[in-house]
Structure formats: C-alpha cells, structure tokens
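Work through the sheets of this model. Each exercise sets a task and then solves it step by step.

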Amino acid sequence: MKGTSFESCQRGDFLVTALSDGNMAASLDLLSGINTADARGIQRRAGIVEPGNIHINCYLIRGRGRTLLVDAGTGGLNNAGGLLSENLDALGVAPEDVDTLLITHGHPDHIGGLLQSNGSAAYKNAALYLHPLEAEYWQDDSKLKLASERGQRNFALVRRTLQAYEHKLHFLDGNEIIPGICPVFLPGHTPGHTGFLIDSGGEKLLIWGDIVHFPHIQSAQPGVTILFDCDPAQAEDTRIRVLERVARENWLVAGMHFGRQGFAHILPVEGGYRLAYFEK
Ligand SMILES: [Zn+2]
Ligand SMILES: [Zn+2]
C-alpha cells in the first residue's frame, strides 16, 4: 500500500521518517528457541494478523542540510517489498536528493533497492557507508562456496552492489558519519551488522537494523534466533546486550522489521522486554 502519511520523529536537528518497503513472506518455523505454537500466541496477543510475515522499513533522516537513507529495501527482489521508491516519491524526495546511504548489512531486503534493473546505482549522488567486516564477508570466496543456492545469489547481489557504488564506498569506523550520527557495531546477525545512533539536542534514537525480525517474540524472548543469523550465538548475545542498554537508557529505537509503526521504546518485563510503540 502506498503510504500518504508516514511515521516520523524529530531528534534535535534531525527528522527521521519510517518508510515502508512492504512485506516479505516468511514463517515462524524459521525461529529457533521457541515452539511455533508459543510464537503464534505472542503474535496473536500483539494483534498481528499474518503471524509469519515480516514487514520491511527503511528510514530517511533529514536535517542540517543533509538527506540520509538507512537501508533501501528489496527493490522488488524475491517477490517481496519494493515499495520504497514510491513512498520516497510520495514524500517528495527524489533518489538524486539522497546524499548518504547508511547500510546496516548486506541481506537482500536491505540492499536490493540500491540497484536499478539495469544494474546501475539507484542513488547516483549518494556515498555508501557500511562496516568493513560486512564487505569482507560477502567478498570471501570460501564463505560463498559454503552457501546454499539462494545464499550464493545473496553474495552475488552484494558484490554487484559494491561494484556499482565502488567510487563512493566508505567503511565505517568508530567515528561519527556526520555530527550527531554515529555507527554502533552490532555483530552476529551478519559479521558487520551495524546500527546507527542519532544523538541531537539531547535526544537519542538507535536504528538497530535486524536485532529483531519478529519484534514481539524476540523482545519477549531475546534468546530466540532466526535461520538468517550468520552466527546465532553472537546475534543472541548482541540482542541481549542492546536490549538491556536501550531499556536502561530509555533510548527510542527504530528497527527494519518493527512494522509500520516504525519507532518504539523497549520496556523491561518479567523475563524479557516488550515494545511500546512511539506515539507523538
Ligand atoms: Zn538480515
Ligand atoms: Zn532484514
């Protein structure tokens, strides 16, 4: 569905808008550490109608004369998502207006939209930032050889994408990308998986990528992992650590698979956490 109103929040100088890319069909069977009936129960209690679907968000950050896009959706690959470009258009933002692409990791639901169908860069004025370990992983032929057929297509997509942005590619280090936005290394889901912390005017927002795929399930039970995790034990460790931190600091959080509401606080409850969606 094309969105005409968008969830957004202001953090100091930056306006951050959640842009839906649509849904991808998935399944609760992809989860480990919970049985499907319990997982379905959590989804039902959270009011989720299609419990196996994963919704995809991208986030647009505007302020201080800059336009940054965090992840770019599927670009319509694998019959999923693909709505980002029309939602950007509805917001009055052209692909040429985006000056910076911040990429959480190399999975196709996050980078598929970076290329046009002819293989050229969809955001031709944008510099692209990602973690060096992420590039290293997807460029590693020994990892490619171990991958399934679908996995091998993912490797090929990352390689084509990095090539198309070759002259505008920047590797994240511990430093701010621009004043007020800095990377937060959150490895496990992939080796270079990275979030982005916006800190402006005393207000913080962490865009945390794929810390959760089923937000209600994995906040209630942080030990639940998903088949897409490269290193499930490290992903779980990172999730537990970051959930504890955002709850303690009361940071607002945005997640690529949070659903259309886009932004939430994380509240501690018995045995885990729960999401409280942000209301302006
Ligand atoms: Zn992912
Ligand atoms: Zn994802």
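The exercises below treat two sheets, their pairings and a helix that packs on one of them.

This is a predicted model, in which local features need pLDDT of at least 70, side-chain atom pairs count only at pLDDT 80 or more, and totals for chains, interfaces and linings use all residues. Residues are numbered from 1 along each chain as its sequence is written, and chains are lettered from A and ligands numbered from 1 in the order in which they are written.

**Exercise 1.** State the strand order of the open sheet of seven strands, and find its edges.

Solution. Strands are DSSP runs (E, at least two residues), numbered from the N terminus. Two of them pair if DSSP finds at least two bridges between them. The order is E1-E2-E4-E5-E6-E7-E8. The pairing is mixed. At the edges stand E1 (8–11) and E8 (169–171), each pairing on one side only. From one strand to the next, the twist averages 25 degrees.

**Exercise 2.** In which sense do E4 and E5 pair, and over how many bridges?

Solution. Take E4 at residues 53–63 and E5 at residues 66–70. They run antiparallel, over five bridges. One residue pair to check: isoleucine 61 has leucine 68 in E5 as its bridge partner.

**Exercise 3.** Trace the pairings of E10 with E9 and E11.

Solution. Start with E9 (residues 181–185) and E10 (residues 194–200): antiparallel, five bridges. Here valine 184 faces glycine 195 in E10. Next, E10 pairs with E11 (residues 203–207), also antiparallel over five bridges. Aspartate 199 lies opposite lysine 204 in E11. Now the turn: E10 and E11 form a hairpin with two residues between them. Glycine 201 in that turn has a positive phi of about 60 degrees.

**Exercise 4.** Place E9, E10 and E11 in their sheet, then locate helix H8.

Solution. The sheet is open, with six strands in the order E9-E10-E11-E13-E14-E15 and mixed pairing. E9 and E15 (272–277) are the edge strands. Neighbouring strands are turned by 35 degrees on average, direction ignored. Helix H8 (residues 232–249) packs on this sheet. H8 touches E11, E13 (252–254), E14 (263–269) and E15. Contact requires C-beta atoms, placed from the backbone, within 7 Å. The direction of H8 makes about 95 degrees with that of E14. Axes are lines fitted to C-alpha atoms, for helices over the stretch in contact, and angles run from 0 to 180 degrees between N-to-C directions. A helix here is a DSSP run of H or I, at least four residues.
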